[in-house]
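Biologist: Please take me closely through one part of this structure, the surroundings of the ligand, and then follow the chain outwards from there. I would like each term explained where it comes up.

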Amino acid sequence: RKADIECKLVVLGSGPGGYSAAFRAADLGVDTVLVERYDSLGGVCLNVGCIPSKALLHAAAVIDEAAAMSAHGVSFGAPKIDLDKLRSFKTKVVGQLTGGLAGMARARKVRTVTGTGMFVSPHEMEVRTAEGTKLIRFEHAIIAAGSQSVKLPAFPWDDERVVDSTGALELKDVPKNLLVVGGGIIGLEMATVYSALGSAVTVVEFMDQLIPGADADLIKPLAKRLGGKLKGVHLKTKVVSAKATKKGIEVGYEGDSIPETTLFDRVLVAVGRSPNGGKIGADKAGVAVTERGFINVDTQMRTNVPHIYAIGDLVGQPMLAHKATHEAHVAAQAVAGLKSHFDARVIPSVAYTDPEIAWVGVTEREAKEKGLKVGVGKFPWAASGRAIGIDRTEGFTKLIFDEETHRIVGAGIVGVHAGDLISELALAIEMGSEAADIALTIHPHPTLGESVGMAAEVYEGTITDLY
Ligand code: FAD
């Protein structure tokens, strides 16, 4: 059969992985086709993930800050929320970015095909489009088909009061009583938004800690603040049943901390994401997919089939946009014949909650598990002039050093803007910085970033009178 489209590279999926790969490849002179099932480019991150959630979290932060200022003599009164306008703001933010991608694709002569793509052979992909099926013949492929939220079977998914993160981001209304199942990053970000908008939010998490990937001490200030805002946070507890009734979604629990409320107007299930590797006809191309739907790759992002690469959420944890982008560049450069490979030491993680939690590299818990000899320098924000000035002293900055070399191996920050502060520490780890490099770097005063230099000084022993 004659191909409808011939190209050097086909990229399947247009999320941060897919569009970054397509753009980098095109910039390097590779004739590239980008296949996306939805009209809008940008994948989960731009359309229903990172970007809309941050637009709504901005509104939540303004509401909370305005309320907090009343204790210091500036009152704005109760917020009046025009949900249609807020939703339009979010939609506009998303549209600006996804529209920008379409323009960037055109500028690079990346051909986009809208439809669902499936491999039919190692060098062919069929795309089901609105105008019928198109056959693409390619020399190389980059699979960037991402992930989707896990839909626990205990929930009545055909009832519109049960939603995943995509449904929660639609912001149809503000439910009176919201249950968030899953105390990970996504669940807590949405809990923050809806609680600021006026919902009574209950969070249920089956592990013994919120955001289980981060060190426990980082969670404490967040848990304390959430405790004052949410209706309840219940650890070591599971939702085991959920039934749609006229009055609401009736749930049943098991565990150590059973909530009083069992009837909710809305239930958000945010218990993780599963990779889409098993849904793209990978077997027809000879690409191996694990039982869970992940695709294994080498450091050039090559699958077991050397001319087919895979990147982003479907190659493994952490499922984060900046990881996908970085892997995308590696794969595109390898396709273009460059000797590129993935050698980042660390990938930072951020929860955009209030306060934010950000961490990078080895955590204290991992160090303990692996028997690494580490030392910690911790600077409490109660001693930061800037944190005192903005009345947000609950945070701290923690640096983790290898005790033999004094090189930084990890860091964690909890506090407002922690996500904006963690990059310096990712760089420090990549550069193999020692505690002295960080302590002797002049940080501007008064900033929250100063706490990074101070934490290194605490480790070095040049600041001793904090506790
Ligand atoms: P995706 O973004 O999932 O893109 C895959 C694309 O492939 C999709 O557009 C999909 O439609 C398309 N596709 C799949 N199969 C086919 C097919 N057969 N044919 C055609 N097209 C197909 N990460 C962060 O780093 N920071 C954050 O703040 C953050 N916030 C998040 C908030 C939420 C609510 C969610 C759900 C996720 C968030 N993430 C965040 C995670 C982030 O969105 C993902 O890590 C990122 O989108 C992964 O990029 P990707 O390119 O691998 O895949």
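Modeller: For sorting residues by character, Ala, Val, Leu, Ile, Met, Phe, Trp, Tyr, Cys and Pro count as nonpolar, Asp, Glu, Lys and Arg as charged, and the others, Gly among them, as polar. On that basis the shell around the ligand divides into 16 nonpolar, 16 polar and three charged residues. This is a predicted model, in which local features need a pLDDT of at least 70 and side-chain atom pairs count only at pLDDT 80 or more, while totals for chains, interfaces and linings use all residues. Residues are numbered from 1 along each chain as its sequence is written. The pLDDT, which is the predictor's confidence in each residue from 0 to 100, averages 97 for the protein chain, and 100% of the residues score at least 70; for the complex, the predictor gives an ipTM of 0.99 and a pTM of 0.97.

A residue is taken as near the ligand if its C-beta atom, placed from the backbone, lies within 6 Å of it, and of the 35 residues around the ligand, Gly13, Gly15, Gly43, Gly146 and Gly312 come nearest. Helices (H or I, at least four residues) and strands (E, at least two) are DSSP runs numbered from the N terminus, and those that each supply at least two residues of the shell are helix H1 (16-27), strand E2 (32-36), helix H2 (43-48), helix H3 (50-69), strand E3 (111-121) and helix H9 (321-335).

Among these, H1 has twelve residues and reaches 16 Å from its first C-alpha to its last, close to the 16 Å expected at 1.5 Å a residue, where the expected span is 1.5 Å times one less than the number of residues. Burial is judged by counting other C-beta atoms, placed from the backbone, within 10 Å of a residue's own: 20 or more means buried, 12 or fewer exposed, and anything in between partly exposed. Because eleven of its twelve residues are buried, H1 is largely enclosed by the rest of the structure; the buried ones include Tyr19, Phe23 and Arg24.

Strand E3 holds glycine 117, which is buried because 26 other C-beta atoms lie within 10 Å. UniProt, in an unreviewed entry, lists Gly117 under "binding site" together with Lys54, Asp313, Met319, Leu320, Ala321 and His322. These positions span 269 residues in sequence and the farthest two C-alpha atoms are 30.0 Å apart, so they do not all gather at one spot. UniProt positions are given in the numbering used here, with shortened feature names, and annotations may be inferred rather than shown by experiment.

The same caution applies to His445, where UniProt places the feature "active site" in an unreviewed entry. Histidine 445 lies in the loop between helix H14 (435-439) and helix H15 (450-460), and counts as exposed because it has 11 C-beta neighbours inside 10 Å.

Elsewhere in the chain, strand E21 (residues 408-415) is mostly covered, with eight of its eight residues buried. Two strands pair if DSSP finds at least two bridges between them, and E21 pairs in the antiparallel sense with strand E18 (residues 356-361) over six bridges, glycine 410 in E21 being the bridge partner of glycine 361. Six bridges also join E21 to strand E20 (residues 396-402), again antiparallel, with leucine 399 opposite alanine 411 in E21. The hairpin of E20 and E21 has five residues between the strands, and there histidine 406 takes a positive phi near 65°.
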